[in-house]
Amino acid sequence: MSTNVIESAALNASDRCDRCGAQAYVRVTLASGFDLLFCAHHGKEHADKLKQVALKIHDESERIS
């Protein structure tokens with residue numbers, strides 16, 4: 001038996017924060033299979049709660065200079 005792991009595509013300028021509409025740098029995948037997108041600010045603000053419910057957190061906030 002093998003398990004395929006599909007890597008998430010990199011976030012780009014068209015990906016927008018679900019909270020405020022700014023460019024998204026954080027993708028949170030929930031157990032339901034749905035994704036939530038957050039800007040770096042909102043990803044950081046809600047990090048503790050997101051860690052409790054997330055299946056996976058993809059954080060690209062290090063790209064911000």
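Modeller: Before we start, contact here means heavy atoms within 4.5 Å, and please keep in mind that the model is predicted.

Colleague: Fine. Which residues does Leu50 touch, then, leaving aside its neighbours within four places in sequence?

Modeller: With those neighbours left aside, Leu50 is in contact with Val28, Phe38, Gly43 and Ile57. Leu50 itself sits in helix α2, which covers residues 47-53.

Colleague: Is Leu50 buried or exposed?

Modeller: Leu50 counts as buried because its relative accessibility is 10%, and the cut-off for buried is under 20%.

Colleague: And which residues make up the largest nonpolar core?

Modeller: That core has seven residues, namely Cys17, Val26, Val28, Leu30, Phe38, Cys39 and Leu50. Strand β1, residues 26-30, contributes the largest share of this core, with three residues.

Colleague: What does Val28 contact, beyond four places in sequence?

Modeller: Outside that window, Val28 contacts Phe34, Asp35, Leu36, Phe38, Leu50, Ala54, Lys56 and Ile57.

Colleague: Leu36 turns up there. Where is Leu36 found?

Modeller: Leu36 belongs to strand β2, which runs over residues 35-38, and it counts as partly exposed because its relative accessibility is 28%. Apart from neighbours within four places, the contacts of Leu36 are Asp18, Val26, Arg27, Val28 and Leu30.

Colleague: How many Å separate the C-alpha atoms of Leu50 and Leu36?

Modeller: Their C-alpha atoms are 9.8 Å apart, with the two positions 14 residues apart along the chain. For Leu36 and Arg16, which are 20 residues apart along the chain, the C-alpha separation is 9.7 Å.

Colleague: Switching to charges: how many salt bridges does the count come to?

Modeller: The count comes to two. In one of them the side chains of Asp35 and Arg27 meet at 3.8 Å, N to O, and the side chains of Glu60 and Arg63 also form a salt bridge, at 3.1 Å, N to O.

Colleague: Why do Glu60 and Arg63 fall into their burial classes?

Modeller: Glu60 counts as buried because its relative accessibility is 7%, whereas Arg63 is partly exposed because its relative accessible area is 42%.

Colleague: And the other pair, Asp35 and Arg27?

Modeller: Asp35 counts as partly exposed because its relative accessibility is 39%, while Arg27, at 10%, counts as buried.

Colleague: What about Asp15, which is buried yet has no salt bridge?

Modeller: For Asp15, the nearest side chain of opposite charge is Arg27, at 4.6 Å. A salt bridge requires the nitrogen to be within 4 Å of the carboxyl oxygen, so that pair is not counted. Asp15 is located in the segment before β1, and a polar atom of its side chain lies 2.9 Å from the backbone nitrogen of Asn12.

Colleague: What else does Asp15 touch, not counting residues up to four places away?

Modeller: Asp15 touches Ala10, Ala22, Gln23, Ala24 and Leu37 under that condition.

Colleague: Last topic, the overall layout. In what order do the elements run?

Modeller: The protein has two helices and three strands, and from the N terminus on they are arranged β-β-α-α-β. Of the contacts with a separation of 6 or more, 35% are between residues 24 or more positions apart.

Colleague: And how much of the protein is buried?

Modeller: Of its 65 residues, 26% are buried. The protein exposes about 4,900 Å², with carbon and sulfur atoms supplying 53% of that area.

Technical notes
Residues numbered from 1 in each chain as written. Predicted model: local features only at pLDDT ≥ 70, side-chain atom pairs only at ≥ 80, totals over all residues. Heavy atoms only, no water. Core = buried A, V, L, I, M, F, W, Y, C linked by side-chain atoms within 4.5 Å. Buried < 20%, exposed > 50% of the residue type's maximum accessible area, 1.4 Å probe, protein only. Helix = DSSP H or I, 4+ residues; strand = E, 2+ residues; numbered from the N terminus. Areas by Shrake-Rupley, 256 points an atom, 1.4 Å probe, with all protein chains shown as cover. Lys, Arg positive; Asp, Glu negative; His and termini not counted. Polar contact = N/O pair within 3.5 Å; in protein donor to acceptor, adjacent residues only side chain to side chain.
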